[in-house]
Amino acid sequence: MTDYFKVARDDELVEGELMAIEVDGEPICLAKVAGCVYAFTDTCTHISGPLNEGELDGEVLTCPWHGAQFNITTGKVLRGPARRDIATYPVKVEDNAVFVSLPDE
Ligand code: FES
């Protein structure tokens, strides 16, 4: 069974802003876009830039180090220098609580 970790309150997340959290020791970034909460790795696939310090424009996140871009809803890399997609994680929101699931090892 997949475990979900309670990570934040929904009302703490501001539309279009990034929040760094840690889930079971993994650096994860949360963002709310058009009312939906997304969770993805906080580590750029280029050389590990901190994605929570990047710029979010709609669904498009720009890494603060060398400008790679990713779609945070799918994890797809949109612009180099990164070549690999970022990991995204399932999210559910219940009673103002945000839960994130990590894949089994
Ligand atoms: S570390 Fe993200 S673009 Fe280089």
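**Entry 1: overall surface and build**

Accessible areas, as I use the term here, come from the Shrake-Rupley method with a 1.4 Å probe. I note at the outset that the structure is a predicted model. I looked up the exposed surface of the protein chain and found about 6000 Å². Carbon and sulfur atoms supply 44% of that area. Of the 105 residues, 41% count as buried.

I then asked which secondary structure elements the chain holds, and how many of each. The chain has 11 strands and zero helices. Read along the sequence, the pattern is therefore β-β-β-β-β-β-β-β-β-β-β, as the assignment by DSSP runs defines helices and strands. The radius of gyration is 13 Å, close to the 13 Å that the globule rule gives for 105 residues, so the chain is as compact as a globular protein of that length. Along the principal axes, the C-alpha atoms fill a box of roughly 40 × 30 × 20 Å. I also looked up the contacts with a separation of 6 or more: residues 24 or more positions apart account for 37% of them.

**Entry 2: the four-stranded sheet**

Strands of a sheet pair through backbone hydrogen bonds, either parallel or antiparallel. I recorded an open sheet of four strands in the order β2-β3-β4-β9, with antiparallel pairing. Its edge strands are β2 (18-23) and β9 (88-89), each of which pairs on one side only.

I went through the pairs in turn. β2 and β3 are joined by six bridges in the antiparallel sense, and methionine 19 stands opposite leucine 30 in β3. Two residues lie between the strands in this hairpin, where aspartate 24 takes a positive phi near 50°. β3 and β4 also pair antiparallel, over six bridges; here lysine 32 stands opposite valine 37 in β4. The hairpin of β3 and β4 has two residues between its strands, and alanine 34 takes a positive phi near 50° in it. Strand β4 (residues 36-41) and β9 run antiparallel and are joined by two bridges, with phenylalanine 40 opposite threonine 88 in β9.

I checked how far β3 is covered. Strand β3 (residues 26-33) is mostly covered, as six of its eight residues are buried.

**Entry 3: threonine 88**

Is threonine 88, in strand β9, buried or exposed? I found threonine 88 to be partly exposed, because its relative accessible area is 34%, and the class runs from 20% to 50%. Leaving out residues up to four places away in sequence, threonine 88 touches Ala39, Phe40, Ile72, Thr74 and Gly75. I also looked up its spacing from tyrosine 38: the two residues are 50 apart along the chain, and their C-alpha atoms are separated by 7.7 Å.

**Entry 4: the three-stranded sheet**

I recorded a further open sheet, of three strands, in the order β1-β11-β10 with antiparallel pairing. β1 (4-9) and β10 (91-94) are its edge strands, and each pairs on one side only. On average, neighbouring strands of this sheet are turned by 30° against each other, direction ignored. Five bridges join β1 to strand β11 (residues 97-101), and the two run antiparallel. In this pairing arginine 9 stands opposite alanine 97 in β11.

**Entry 5: leucine 78**

I turned to leucine 78, which lies in strand β8 (residues 77-79). Leucine 78 counts as partly exposed, because its relative accessibility is 49%, and exposed would require over 50%. Its contacts, not counting residues up to four places away in sequence, are Val60, Gln69, Phe70 and Asn71. The C-alpha atoms of leucine 78 and valine 60 are separated by 8.4 Å, the two residues being 18 apart along the chain.

**Entry 6: the cysteines**

A disulfide is a covalent bond between the sulfur atoms of two cysteines. How many disulfides does the model hold? I found zero. I then asked why cysteine 29 forms no bond. The cut-off is a pair of cysteine sulfur atoms within 2.5 Å. The closest cysteine sulfur to that of cysteine 29 is in cysteine 63, 11 Å away, so the distance is too far for a bond. I also looked up the exposure of both residues. Cysteine 29 is buried, with a relative accessible area of 0%. Cysteine 63 counts as buried too, at 5% relative accessibility.

Technical notes. Residues are numbered from 1 along each chain as its sequence is written. This is a predicted model: local features need pLDDT of at least 70, side-chain atom pairs count only at pLDDT 80 or more; totals for chains, interfaces and linings use all residues. Side-chain values use heavy atoms; hydrogens and water are left out. Buried means under 20% relative accessible area, exposed over 50%, partly exposed in between (1.4 Å probe, protein chains only). Two strands pair if DSSP finds at least two bridges between them. Axes are lines fitted to C-alpha atoms, for helices over the stretch in contact, and angles run from 0 to 180 degrees between N-to-C directions. The radius of gyration is taken over C-alpha atoms; the globule rule is 2.2 Å times the number of residues to the power 0.38. Contact means heavy atoms within 4.5 Å.
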